[in-house]
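Hello,

Here is the structure I promised to pass on to you. Have a look through it first, and then read on for my notes.

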Amino acid sequence: MKQDITQRLKDEHQLILRMLALLERNARLTEEGSFKDYQFYLDGVDFIRNYADRFHHAKEEDVLFEALVENGMPRDNSPVAAMLMEHDLGRAYVKAMEEAATKALNGEAGQEEAIVANARGYLDLLREHIAKEDDILYPLAERILPEGVRHGITAGYQKAEERSEAGFEEHYRKVVEKYEKG
């Protein structure tokens, strides 16, 4: 049986989806005028940039996607190209959400619409993106990547994880749990 190369990424998606649920809930409450904890959005940006992007997307972009390209998938006009484009679009939503939340936190009125629009844009994009990865790209990778490259992929994931400080994953799990409770 081939070594699994995508379950770890799917597991990470679960924590990301929990943060997306929080973004969805709080964007709705912000739109209704009953949620003014703009620090939540900045904590969400921190989670997205560090956990989802630098930690998780780095494994995808630098390890799995590269292995797919090296094993015959075209870099352009391919599922890899589509996923990379969506990662970049997500980063634009996050940057705009951060700018609006920072202004709101500093007392600048009228930022709620930008916060809500960018939070929703990001969460809608990422939910669809995760579904495409979990349901299409990852099963494809499991089918087409030969056993001979799988150890290198999991070693690449390990290297990426080692670049993070001790307690990194636990920290971001606790951030999500804190907002789920509150």
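Which residue just after H3 takes a positive phi? That residue is Gly107, with a phi of about 90°. Please keep in mind throughout that this is a predicted model.

Let me stay with H3 for a moment. Helix H3 covers residues 79-105. H3 has 27 residues, and from its first C-alpha to its last it reaches 38 Å, close to the 39 Å expected at 1.5 Å a residue. Which residues of H3 are buried? They are Val80, Met83, Glu86, His87, Gly90, Val94, Met97, Ala100, Ala101 and Ala104. You will see that many of these numbers are spaced in a regular way, and here is a general point to read them with: an α-helix has 3.6 residues a turn, so residues three or four places apart point the same way. As for their partners, the buried residues of H3 pack against H1, H2 and H4.

On the other side of H3 in sequence, have a look at Asn77. It sits in the loop between helix H2 (38-70) and helix H3. Its phi is near 50°, which is a positive value in a residue other than glycine. Is Asn77 buried or exposed? It counts as exposed, because its relative accessibility is 80% and the cut-off for exposed is over 50%.

Next, helix H4, residues 112-144. Its 33 residues should span 48 Å at 1.5 Å a residue, and its end C-alpha atoms are 45 Å apart, which agrees. H4 also has a bend of about 40° at Glu133. Two other residues in H4 are worth a click. Ala114 belongs to this helix and counts as partly exposed, at 29% relative accessibility. Its C-alpha atom is separated by 9.9 Å from that of Tyr93, 21 residues apart along the chain. Glu128 is in H4 too, and at 53% relative accessibility this glutamate counts as exposed. The C-alpha atoms of Glu128 and Val149 are also 21 residues apart along the chain, but here the separation is 28 Å.

Now for how the helices pack. Two packed helices are described by the angle between their axes and the distance between the axes.

- H1 and H2: the axes come within 11 Å and cross at roughly 155°. That makes H1 roughly antiparallel to H2, and the crossing is left-handed. The residues of H1 that meet H2 include Leu9, Ile16, Met19, Leu23 and Ala27, and those on the H2 side include Phe40, Gly44, Phe47, Ile48 and Leu64.
- H1 and H4: helix H1 (residues 7-32) packs with H4 at an angle of about 155°, with the axes 9 Å apart. H1 and H4 are therefore roughly antiparallel to each other, since angles over 145 degrees count as such. Their crossing is left-handed.
- H2 and H5: the axes of H2 and helix H5 (residues 147-162) come within 10 Å and cross at roughly 155°. H2 and H5 are therefore roughly antiparallel to each other, and H2 passes H5 in a right-handed crossing. Here Phe55, Lys59, Val63, Leu64 and Ala67 in H2 meet Ile153, Gly156, Tyr157, Ala160 and Glu161 in H5.

Phe55, Lys59 and Leu64 are among the H2 residues that meet H5, and they are also among those that meet H1.

Finally, two more residues in H2. Leu68 is part of this helix. Why does Leu68 count as buried? Its relative accessibility is 0%, and buried means under 20%. Leaving aside neighbours within four places in sequence, Leu68 is in contact with Met73, Val80, Leu137, Ala141, Ile144 and Leu145. Val80 is itself one of the buried residues of H3. Leu68 and Glu162, which are 94 residues apart in sequence, are 23 Å apart in space, C-alpha to C-alpha.

Asp46 is in H2 as well, and it is partly exposed, with a relative accessible area of 30%. Not counting residues up to four places away in sequence, Asp46 touches Tyr51, His171 and Tyr172. Its C-alpha atom and that of Val175 are 129 residues apart along the chain and separated by 9.9 Å.

Best wishes

Definitions and conventions:
Residues are numbered from 1 along each chain as its sequence is written. This is a predicted model: local features need pLDDT of at least 70, side-chain atom pairs count only at pLDDT 80 or more; totals for chains, interfaces and linings use all residues. Side-chain values use heavy atoms; hydrogens and water are left out. Helices (H or I, at least four residues) and strands (E, at least two) are DSSP runs, numbered from the N terminus. The expected span of a helix is 1.5 Å times one less than its number of residues. The bend at a residue is the angle between axes fitted to the seven residues ending there and the seven starting there. Buried means under 20% relative accessible area, exposed over 50%, partly exposed in between (1.4 Å probe, protein chains only). Axes are lines fitted to C-alpha atoms, for helices over the stretch in contact, and angles run from 0 to 180 degrees between N-to-C directions. Angles under 35 degrees count as roughly parallel, over 145 as roughly antiparallel, 65 to 115 as roughly perpendicular and the rest as oblique. A crossing is left-handed if the near helix is turned anticlockwise from the far one by less than a right angle, and right-handed if clockwise. Contact means heavy atoms within 4.5 Å.
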